[in-house]
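Here are some comments on the model you sent, set out as numbered points. They begin with one helix pair and then turn to the surrounding loop and the cysteines.

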Amino acid sequence: MAKIPTLKIIGGIYKGRNLQMAPLEITRSSKAILKESLFNTLSAEIVGVNFVEFFAGSGSIGIEALSRGAKFALFFEQNKKSYEVLESNLTQICQNKAQYQLIFGDTFKHYKTALKNIQSPCIGYIDPPFDVRENMEDIYIKSFVMVQDLEPKIFKFVILEHHSTLAIPERIGAFEHIKTRAFGKSSLSYFG
């Protein structure tokens, strides 16, 4: 029997707990160094916020946010296997179901409705999935349009995990580019 791949939570109240990972052919996990940099950058900003992981996969970023003091996390996932892994991770690690909500389906179709009840302050994390056979630019353009729709009075920050070769605009809607940190092929761009 094949061993299920896992990833450790790196900080906060759930530190050291294992998360199941969705199969790699379905999703790719964020690198540990990237995740550590993200949460070092956000630091105390994460405490007491609502955290939205727009393309959750196994939920490693949103669960890390809950572990580090986010009061609530909203997860979007459209792949059935990934959604089941996400649901299992949350059930096993975050006992308080009032701390999170899962949305099954296409993020681009559901985010407007799902975000109607989200309150400030909020941090959004966008790591859109892409297939190497597809035009990667298309998924990022759709992601930029989604960011334009986000309410800046609610979202303190929006963070985009992306391929390092992507040209990042200085502004997306009401959100201004703050900085980009590169980690090999992947980068994090912060907007606020």
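Which residues in α1 meet which residues in α2?

1. This is a predicted model, and the contact in question is made by Lys-35, Leu-38 and Phe-39 on the α1 side, which meet Ser-60, Ile-61, Glu-64 and Ala-65 on the α2 side. Sorted by character, the residues of this contact divide into 4 nonpolar, 1 polar and 2 charged.

2. As to the geometry of the pair, helix α1 covers residues 32-42 and helix α2 covers residues 60-67, and the two pack with their axes 11 Å apart at an angle of about 40 degrees. Angles under 35 degrees would count as roughly parallel and those from 65 to 115 as roughly perpendicular, and α1 and α2 are therefore oblique to each other. The crossing in which α1 passes α2 is right-handed.

3. Turning to the surroundings of α2, this helix is mostly covered, since 8 of its 8 residues are buried. The buried residues of α2 include Glu-64 as well as Ser-60 and Ser-67, and Glu-64 and Ser-60 also take part in the contact with α1. Just after α2, Gly-69 adopts a positive phi of about 115 degrees.

4. On the other side of α2 in sequence, Ser-58 lies in the loop that runs between β3 (50-53) and α2. Is Ser-58 buried or exposed? With a relative accessibility of 4%, Ser-58 counts as buried, because the limit for that class is under 20%. Once its neighbours within four places in sequence are left aside, Ser-58 is in contact with Gln-20, Met-21 and Ala-22, with Ile-63, and with Val-85, Leu-86 and Asn-89. Of these partners, Ile-63 is one of the buried residues in α2.

5. A last point concerns the cysteines, where the count comes to 0 disulfides. Why is Cys-94 without a bond to another cysteine? The closest cysteine sulfur to that of Cys-94 belongs to Cys-122 and is 16 Å away, which is too far for a bond, because a disulfide requires the two sulfur atoms to be within 2.5 Å. Cys-122, likewise, is in no disulfide, its nearest cysteine sulfur being that of Cys-94. As for their accessibility, Cys-94 is buried, with a relative accessible area of 1%, and Cys-122 is also buried, with a relative accessible area of 0%.

Methods
Residues numbered from 1 in each chain as written. Predicted model: local features only at pLDDT ≥ 70, side-chain atom pairs only at ≥ 80, totals over all residues. Heavy atoms only, no water. Buried < 20%, exposed > 50% of the residue type's maximum accessible area, 1.4 Å probe, protein only. Axes fitted to C-alpha atoms, helices over the stretch in contact; angles between N-to-C directions. Helix = DSSP H or I, 4+ residues; strand = E, 2+ residues; numbered from the N terminus. Parallel < 35°, antiparallel > 145°, perpendicular 65-115°, else oblique. Left-handed = near helix turned anticlockwise from the far one by under 90°. Contact = heavy atoms within 4.5 Å. Nonpolar A, V, L, I, M, F, W, Y, C, P; charged D, E, K, R; others polar.
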